[in-house]
Amino acid sequence: MSLYQHTAHQLRDMLRRQETTAVEITESMLERIETIEPEVKAYLTTTPELARSMARVVDQRLKQGEALPDLAGIPMGLKDNMSTKGVRTTCSSKMLENYIPPFDSTVYQRLMQQMSPLLGKLNMDEFAMGTSTENSAFFTTANPRDLQRVPGGSSGGSAAAVAAGTAIFTLGSDTGGSIRQPAAFCGVVGLKPTYGLVSRYGVVAFASSMDQVGPLTKDVTDAALVLNAIAGSDPWDTTTAQRETLDYTAFLKPDVKGMRIGLPKEYFVEGVNPEIKDRINQTVQQLAAAGAEVVEISLPHTEYALAAYYIIAPAECSSNLARFDGVRYGYRSETAPDVVTMYKESRGEGFGAEVKRRILLGTYVLSADAYETYFVQAQKVRTLITTDFQEAFQKCDVIITPTTPTTAFQKGEKVHDPQALYLSDLLTTPANMAGLPAISVPCGFDQAGLPIGLQIMGPAFGEGQILRTAYMVEQLTETGGAAR
Amino acid sequence: MSAKYETVIGLEVHAELRTKSKLFCSCSTKFGSEPNTQVCPICLGLPGTLPVLNKQAVEYAVEAGLALNCTIQKYSKFDRKNYFYPDLPKAFQNSQFDLPVALAGKVKIHVNGEDKELGITRIHLEEEAGKSVHSGDNILGSDYSSEDYNRGGIPLIEIVSEPDMRSPEEAYAYLVALKSILEYTEVSDCKMEEGSLRCDANVSLRPVGAEKFGTKVELKNLNSFRAVQKALEYEVQRQAQLLDAGETIIQETRHWDENTGKTHSMRSKEEAEDYRYFPEPDLGPLVIEQGWIDQIAARIPELPESKRRRFISEYGLPEYDADLISSSRKMAEFFEATVALFPDAKMVSNWLMGEFSRLLNVSGKELDQAAVTPELLAKLLQMLAKGTISGTVAKSVFEEVFATGKDPEAIVQEKGLAQISDTAELERIVQAIIAANPGSVTDFRNGKDKALGFLVGQVMKETKGRANPQLVNELLRKYLA
């Protein structure tokens with residue numbers, strides 16, 4: 001087995017036993033990137049020298065007998081909406097094609113403290129808007145399970161890199177399912193933490209009230225390790241919660257006795273592929289056999305979630321993306337004769353179709369005439385959805401659903417049908433609306449051999465219990481270590 | 001203006017808060033630095049940055065609210081005001097829309113001997129934009145513009161008044177009262193010339209006795225309190241003429257042109273922007289506990305209105321003096337410190353409003369930049385009161401004390417400026433002056449009293465102002481009799 005095929009915790013143990021070196025691991029990754037990247041195309045930018053120099057520091061410290069953090073020497077990649085000082089951060093947009101941030105995002109800083117080598121920046125749907133990574137202004141990433149298929153999105157590059165073994169782990173961001181959906185499509189683990197658990201500082205905003213950064217990993221243990229590294233309050237992001245630090249690996253026990261698992265009937269509806277529903281139900285049966293208690297629950301306002309999401313997220317994005325005006329940085333149309341034309345042309349040429357569609361939608365729902373009927377109504381729906389969950393979590397400890405209505409679809413299949421694409425967010429957006437933690441863990445394959453993701457949602461800051469449940473799913477279905 | 005219409009005026013005052021750092025980042029708020037040297041990723045709105053609210057700015061806003069008798073809101077929030085302009089790096093301004101930090105205040109003004117209470121609708125916190133520097137004289141005549149973001153993100157409060165003012169004069173008095181309160185509490189520098197205090201005015205007319213407000217016009221580019229008053233006076237006349245001619249007023253924003261003394265239309269209501277306000281998702285609600293409000297309230301100093309009343313009752317100052325002296329905290333404190341050493345309050349107030357204010361104006365200094373202290377002024381006034389020096393000498397000595405901070409007694413001694421009250425010496429001089437001005441002597445003897453003044457003046461000239469004027473008078477009368 002080559003080094004790139006291992007999980008982070010395996011490599012950590014090998015480094016501690018001096019069975020390998022950080023430089024060897026990084027070189028194995030860079031070699032793997034060279035071999036397979038032309039087909040997968042997960043990376044927008046690679047940073048081999050940054051990775052090598054970090055690996056050398058790790059080896060030096062290890063040689064001196066220092067005790068190092070869990071992720072020391074474990075190479076990773078970042079979604080290209082996370083600011084990296086001196087390394088271009090494009091958000092897969094022509095608008096930021098040549099934008100080099102002068103500061104680091106908090107999540108990258110925390111991974112640097114872990115001494116995790118940065119391999120590069122990963123492809124995504126432009127400004128995190130999309131579910132297939134086909135909205136990247138540069139190129140489409142392939143699903144390593146089937147190169148003709150999409151990896152999902154918007155963190156498609158982050159999921160594909162983990163599945164292809166071109167990163168041991170990656171970070172993605174999730175506003176309506178953008179970590180979980182690609183994780184499901186690529187057969188890896190993807191965790192969206194509770195809103196406020198992980199700092200958003202330096203992560204280019206899409207919808208500020210829902211954006212959250214989380215790990216994409218080969219197994220649940222790695223997800224817990226990466227969460228340990230990035231979670232925690234940040235003085236630069238005042239929406240982060242002040243809470244005591246937890247070791248999330250402590251929750252990983254193969255024991256679900258007495259755990260109450262809620263199955264919401266609204267998530268097993270028509271439109272969700274029966275094969276997926278069956279696979280989820282079978283897994284739930286296995287959990288029940290292992291001692292979990294299964295409870296039928298209802299989240300009655302689920303059917304309004306997607307509509308409300310597609311009002312709130314565009315509204316916030318229309319404001320967040322207004323700063324890209326060509327004045328200070330980013331793409332500027334050079335031909336405009338005056339400032340207003342410069343705005344129009346820079347934004348018209350710099351943004352792709354989906355981004356423009358959402359900016360228009362968001363600008364409209366915030367306008368004086370539409371605000372009450374759309375934006376205010378959507379906020380009310382959001383409150384109802386949050387209340388649904390609060391009531392549900394009186395009856396259960398975690399909620400299990402499919403992550404996606406379908407498995408990975410063909411490239412180009414839905415690219416001209418935005419509504420069909422929006423439907424892939426059907427099962428994932430409610431967790432963002434309510435700010436709750438949710439994880440997608442592989443639980444099997446469909447007949448075409450494509451991975452199926454099982455979503456586990458928990459109450460606010462209930463990362464421990466969803467990780468434990470995911471860990472048990474992994475044990476029962478033997479899907480861990482996706483990249484083989 | 002004709003007695004047919006009643007004027008209705010409301011003002012929106014923007015005051016930059018005196019914090020050391022900006023509203024959402026740690027950049028300096030210092031005025032006048034090289035362009036774009038006080039900026040960081042946050043106030044430049046670089047992608048991914050987030051605001052961190054400046055606690056001091058909140059305290060100043062609360063303090064201003066309390067000093068203006070507002071109710072502080074325990075729960076307020078920030079909203080985004082969205083619009084495109086090159087000086088606005090995020091393309092939205094963080095402001096407070098429907099839940100501002102303070103509501104329902106009042107301010108007292110005194111106009112033409114009458115007291116009036118004016119309402120304040122609200123005070124909200126927001127951030128400054130940067131500054132566009134146009135290559136030409138104005139934006140239209142420019143080939144290009146540069147942006148200076150040093151000012152971007154400086155905290156300010158917007159104080160919105162009720163439409164309670166009934167004349168441009170009242171508007172002026174309101175601004176003076178407001179500025180005075182903001183200076184007393186030290187929440188703002190209130191420097192209009194540096195833009196740290198700005199004002200927009202809303203004005204409408206209605207038939208006398210009518211309840212319904214007329215159509216209002218908003219005036220912009222008012223760069224001084226006098227400009228506010230002049231622009232309002234012009235606008236009141238313009239509107240009255242239109243109404244007299246049977247025309248209607250258009251709701252619009254008008255630009256005041258200081259050079260022509262006229263207002264001209266900038267944009268109509270239909271052209272007004274839709275700011276698409278919505279709650280700022282990057283900042284939680286602003287929750288202000290009662291305990292915090294109490295702490296802030298405890299450090300509010302005695303305010304001008306109370307000082308004014310006390311100066312009248314405690315020191316017997318005339319209203320005019322009390323108004324003027326109390327309008328500046330530094331002046332009021334200087335006054336009281338001087339009176340503590342030299343109890344003739346009226347004399348102290350005369351000197352502060354007269355010589356002292358004149359020298360401040362001439363030198364362009366702030367009160368605390370002048371070298372003179374209450375101790376030095378009190379010493380000088382004592383010498384004057386005792387007759388050690390004459391009024392004329394006192395003025396020239398004060399000029400030196402003002403500039404150098406030197407002890408007035410030392411100045412008087414060094415320069416030999418003490419008043420000549422020595423009768424023998426004065427007699428000699430008086431006789432010489434009488435001998436040298438026979439014409440005036442004849443005039444006086446023919447009943448022209450004015451001639452005496454001339455002769456006194458000649459004696460004073462001869463003695464360089466040091467002669468005791470009373471004594472000179474007596475002696476002249478004696479020898480002319």
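**Close-up 1. Lys464(B), just past helix H14(B), has a positive phi.** The phi angle of Lys464(B) comes to about 55 degrees. Helices here are DSSP runs of H or I with at least four residues, strands are E runs of at least two, and both are numbered from the N terminus. This is a predicted model, in which local features need pLDDT of at least 70, side-chain atom pairs count only at pLDDT 80 or more, and totals for chains, interfaces and linings use all residues. Residues are numbered from 1 along each chain as its sequence is written, with chains lettered from A and ligands numbered from 1 in the order in which they are written.

**Close-up 2. Helix H14 of chain B covers residues 450-462.** Its 13 residues reach 19 Å from first C-alpha to last, close to the expected 18 Å (1.5 Å times one less than the number of residues).

**Close-up 3. H14(B) has a buried side and an exposed one.** Ala451(B), Leu455(B), Gln458(B) and Val459(B) are the buried ones (20 or more other C-beta atoms within 10 Å of a residue's own; exposed means 12 or fewer, partly exposed in between, with C-beta atoms placed from the backbone). They share one side of H14(B) because they cover an arc of only 100 degrees around the axis, going by directions from the helix axis to the C-beta atoms. Over on the other side, Lys450(B), Gly457(B) and Lys461(B) are exposed.

**Close-up 4. Three helices of chain B pack against the buried residues of H14(B).** These are H12 (423-436), H13 (438-445) and H15 (469-480); contact means C-beta atoms, placed from the backbone, within 7 Å.

Technical notes. Two residues are in contact if their C-beta atoms, placed from the backbone, lie within 7 Å.
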